[in-house]
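Hello,

Here is the structure I promised to pass on. My notes follow below it.

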Amino acid sequence: MLTKLLKNELKATKRVFLPLYGALLILTIVTKLVLSFGAPDFFSDNVASNPVAEVILGICFTLYFIFIIALSVMTLVIIIQRFYKNLFTDEGYLMFSLPVKTWELVLSKLLIGLMWSIICTLIYAVTFFIFSLGTFTMLDFFQTINSAYTDFYNTFGMNLNTVIFETTLLVFVSTIASILMIYASIAIGQMFSQHRIIASFGAYIVITIVLQIIGSIVMGILAIGNLEDFASEGPEMMQILSLFINVSTLTNVILCGVFYYITQYIMKNHLNLE
């Protein structure tokens, strides 16, 4: 049944995201073509050789940045809207009448929300790659990568792959924790009889403040006795930075479990549909 929930969630959300992703990619390609053939001196101090092309390019870049911001906001709004509207409004009566468990409902929303968050990030990376085409050769690219790995190891005594893996894992787990924190806030807010959206927002603010206080205390404890290493520029600094990254990852894993439990517990034992 989880598979059917995922398919239904994917079908409902792809209608919104796929056209936006397609429009951003088309806009990026058009901007790159105008930049390459119409105004190659756009970023230089030279006198404009094609004022019309530069005006078009200015409009394209403005639309590009608007799209980037709109996609990020839209991803967050859809994640919130799909969870709240499907499970805590009139649609919730239908969803909770299905022969599925509560954790399957939460997990289906989480996985699809996480998927679109990852795809959104990949789309951004693709647009940056398109803009950079023609500024380097593949040989230059691989030589730069090899040089970066060598310099990083000589400076910090650590494989760059290790840092990339730890950082990617932290971002991945943090994204899951952020989505589940939104879900937990909405679940807490729906326990109120009135002004549920305001209550959900208030719950989110309170949770954020509490986490900031706890995080500051934990980081302060970790920094005690390691300030000299953190201020250095060698392997000692990288080791303490790696420690901070791994502690943050572990903390977010714990938060994922806490937020998931809170959300599921409230939905299972204190469901209060509109």
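To begin with a small puzzle: is Cys 120 buried or exposed? Cys 120 is buried, with a relative accessible area of 4%, where buried means under 20% relative accessible area, exposed over 50% and partly exposed in between (1.4 Å probe, protein chains only). Cys 60 is buried too, at 8%.

Before the rest, please keep in mind that this is a predicted model, in which local features need pLDDT of at least 70, side-chain atom pairs count only at pLDDT 80 or more, and totals for chains, interfaces and linings use all residues. Residues are numbered from 1 along each chain as its sequence is written, and side-chain values use heavy atoms, with hydrogens and water left out.

On the cysteines, the structure holds 0 disulfides, a disulfide being a pair of cysteine sulfur atoms within 2.5 Å. For Cys 120, the nearest cysteine sulfur belongs to Cys 256 and is 20 Å away.

The other region I looked at involves helix α7, residues 196-223 (helices are DSSP runs of H or I, at least four residues, and are numbered from the N terminus). Phe 201 is found in this helix and counts as exposed, at 56% relative accessibility.

His 195 has its place in the loop between α6 (160-189) and α7. Its phi is near 50°, a positive value in a residue other than glycine. His 195 also counts as exposed, with 59% relative accessibility.

Best wishes

Note on methods
Helices (H or I, at least four residues) and strands (E, at least two) are DSSP runs, numbered from the N terminus.
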